[in-house]
Amino acid sequence: MNAAHTPYPDFANPELLEKIPLSAKTILDVGCAQGALGADYLRRNPNCRVLGIDIDEDAISHARQRISEAFCGDVEKTPMPFSVPEGIDCIIYGDVLEHLADPWALLAEHAKHLSPQGTILVCMPNVEHWSFVARLLAGSFGYDEQGLFDKTHLRWFTPRTMAQALLDAGLQLSDIAPRPIAMDQAEQFVTAMAPGLRAVGVDPQEYLNRAGPLQFIWRARKSAPPRLELSATMLTPQGGVSDVRVVEPVRALRTDSALFGTIMDEAKLHPALPDAPRIAVLHRPLLTGANGLARVRALLEKGYVVVSEFDDHPVFLEERGVNRGELLTFRGVHAVQTSTRALAEALLPENPEVAVFPNGIFELPQPRNFQNPEQMTLFFGALNRQADWAPLIGAINDVARAVGERLKFQVLYDEAFFDALETPHKSFAPMADYASYLRMLGEAEICFMPLGDSEFNRAKSDLKFIESAASRVAALASPVVYAGSIEDGKTGLLFNDPLQLRAALLRLLAYPEATKRMADAARAYVAGNRMLAYQVDARSAWYRGLWERRDELNAALKARVPELFA
């Protein structure tokens with residue numbers, strides 16, 4: 001789709017996008033232009049109703065193709081052209097209020113339409129920016145076509161005056177974030193001005209904090225629950241597990257302005273909000289013996305409710321020589337969170353407080369595959385899977401020999417699988433960060449997902465399927481784990497043995513349009529059911545519930561591991 005010929009660029013403000021509540025059911029983008037912000041948000045929360053208002057008809061004609069509903073008109077004359085009987089969860093003003101004759105009246109009117117805990121999100125140009133002072137001192141103040149000195153700006157705000165406008169609208173202030181751009185220039189200006197600033201009683205560093213950011217982003221709410229502090233640890237990223245189980249969930253939860261989420265080393269965990277409820281989530285912690293007791297005890301002394309995040313069967317630890325009798329990873333914490341019901345059942349004997357949060361997708365990637373119907377790429381990227389693929393490699397090589405260059409292979413991590421492929425049409429990468437992994441996956445048309453039938457494998461999640469489906473890549477999978485998610489023949493193909501694998505792979509190659517329809521159906525399934533956006537409220541409620549029950553949980557923990565409280 002070509003961009004509209006409007007005065008403003010067609011892209012979403014990334015910092016603004018990160019602050020829209022991910023669990024919103026309805027949002028309103030005031031001054032939506034061509035709908036870029038709403039379109040990007042819909043890739044994170046496809047079930048949301050995204051509304052937009054703009055005065056530019058050309059821009060709105062494009063926005064209507066990208067977001068749920070769009071209205072062309074003057075927002076001050078028609079502040080609410082949509083039916084919103086249940087209220088709006090977030091109203092966004094991205095560099096808009098400064099263009100209005102009476103932004104204070106509009107804020108007050110729109111606040112009436114917020115849902116009970118709805119958010120107002122304002123990105124505003126900063127009139128205290130150093131460049132204003134520089135132009136005034138040089139006698140060169142003037143308006144520009146765009147930017148800070150936009151000739152259509154009617155009102156000017158500092159962070160304090162915007163805070164007052166939000167308060168006057170009946171809102172509660174949540175937080176403010178600067179958008180510092182070209183800070184080196186700001187620092188040079190303040191350094192040069194430092195003697196004069198001190199002479200008039202202004203601290204140069206405090207002035208830099210106000211004058212450096214080009215813009216500020218305010219969040220305010222109609223009402224808000226108490227602040228919750230969530231502090232998570234993270235293992236060194238390997239194969240995307242850290243991203244999926246820690247980075248992206250914390251990122252999703254942080255879109256709730258009442259939740260303060262951080263990721264840091266365990267040794268540095270310390271409450272940042274002294275009076276707020278606090279949860280410590282330890283990622284796959286190996287808690288054993290005296291050292292494990294000391295680690296948990298240190299967190300208890302800081303007042304944390306301690307949660308273990310673990311997404312593998314406990315047999316994984318036993319196979320690596322860990323003595324389950326000394327293991328505190330599950331019984332030595334207040335609660336455990338995991339990714340599958342099978343894992344929960346395995347963990348419940350050690351701790352009755354187990355929550356299942358299935359793996360989810362933070363954002364749907366833009367599809368980049370199915371460009372050449374004469375050739376497809378099969379992607380395989382997994383660790384420690386030789387026992388699963390070895391019985392099947394003969395069938396894959398049979399197909400590779402039969403179709404030649406029509407089938408390419410992209411292999412990540414598993415060099416033994418790459419070496420076992422009897423074809424020249426193959427590529428190998430030994431390691432990749434999560435973004436690179438998703439890029440390679442998204443450039444393929446087929447994803448190979450073998451899992452042999454074992455206790456360990458049966459407890460695994462369907463992450464590979466939802467990742468491939470989100471990228472519109474057709475799944476070729478074993479029934480172990482994946483039969484619970486894939487609708488065979490509609491959202492992917494399942495195989496039980498090498499002969500079925502051979503037939504399924506040939507089918508995918510023979511009918512590329514049907515393969516693409518299958519991949520599109522899988523992507524639609526993920527968009528409707530498996531986004532992280534749909535878990536935010538449940539995760540937040542669980543953490544808050546743990547905090548409310550902390551006396552009960554401490555008593556249960558003391559009964560399981562009394563030496564923690566010795």
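Helix 14 passes helix 19 in a right-handed crossing, and that's a handy way into this predicted model. From there we'll look at strand 12 with its neighbours, then an open sheet of seven strands, and finish with a proline in a loop between strand 8 and helix 9.

**Helix 14 and its surroundings**

- Helix 14 covers residues 393-403, and the angle at which it packs with helix 19 is about 35°, the axes being 8 Å apart.
- On the helix 14 side, the contact is made by Ala395, Ile396, Asp398, Val399 and Val403. Helix 19 brings Pro498, Leu501, Arg502, Leu505, Leu506 and Leu509.
- If you want the buried residues of helix 14, they're Ile393, Ala395, Ile396, Asn397, Val399, Ala400 and Val403.
- Those buried residues pack against helix 19 (498-510), and also against helix 13 (386-389), strand 15 (407-412), helix 15 (415-420) and strand 17 (446-449).
- Right after helix 14 comes Gly404, with a positive phi near 60°.

**Strand 12 and its partners**

- In a regular strand, side chains alternate between the two faces of the sheet. Strand 12 (residues 335-338) has Ala335 and Gln337 pointing one way and Val336 and Thr338 the other, and all of them are buried.
- Strand 12 pairs in the parallel sense with strand 11 (residues 305-309), over three bridges. Here Glu309 has Gln337 as its bridge partner.
- Strand 13 (residues 354-356) also pairs with strand 12 in the parallel sense, again over three bridges. The bridge partner of Val336 in strand 13 is Val354.
- Put helix 12 (residues 341-347) between strand 12 and strand 13 and you've got a right-handed β-α-β unit.

**Gln337 up close**

- Gln337 sits in strand 12. Why does Gln337 count as buried? Because its relative accessible area is 1%, and the cut-off for buried is under 20%.
- The Gln337 side chain makes a polar contact of 2.7 Å with the side chain of Tyr543.
- Leaving out residues up to four places away in sequence, Gln337 touches Val281, Val307, Ser308, Glu309, Phe310, Ala355, Phe357, Arg539, Trp542 and Tyr543.

**The seven-stranded sheet**

- The strand order in this open sheet is 3-2-1-4-5-7-6, with mixed pairing.
- Strand 3 (69-72) and strand 6 (172-180) are at the edges; each has a single partner strand, so one side of each has no neighbour in the sheet.
- From one strand to the next, the twist averages 15°.
- Strand 4 (residues 88-94) and strand 5 (residues 114-125) run parallel and are joined by six bridges. Gly94, for instance, has Cys123 in strand 5 as its bridge partner.
- Helix 4 (residues 103-111) packs on the sheet and touches strand 1 (26-30), strand 4 and strand 5. The direction of helix 4 makes about 165° with that of strand 4.

**Pro237 in its loop**

- Pro237 is found in the loop between strand 8 (228-232) and helix 9 (241-253).
- Is Pro237 buried or exposed? Pro237 counts as exposed, because its relative accessibility is 51% and the cut-off for exposed is over 50%.
- Not counting residues up to four places away in sequence, Pro237 touches Ser242 and Asp243.
- C-alpha to C-alpha, Pro237 and Pro249 are 15 Å apart in space, with their positions 12 residues apart in sequence numbering.

How values were computed:
Residues numbered from 1 in each chain as written. Predicted model: local features only at pLDDT ≥ 70, side-chain atom pairs only at ≥ 80, totals over all residues. Heavy atoms only, no water. Buried < 20%, exposed > 50% of the residue type's maximum accessible area, 1.4 Å probe, protein only. Helix = DSSP H or I, 4+ residues; strand = E, 2+ residues; numbered from the N terminus. Pairing = 2+ DSSP bridges. Right-handed = clockwise from strand over helix to strand, strands pointing away. Axes fitted to C-alpha atoms, helices over the stretch in contact; angles between N-to-C directions. Contact = heavy atoms within 4.5 Å. Polar contact = N/O pair within 3.5 Å; in protein donor to acceptor, adjacent residues only side chain to side chain. Left-handed = near helix turned anticlockwise from the far one by under 90°.
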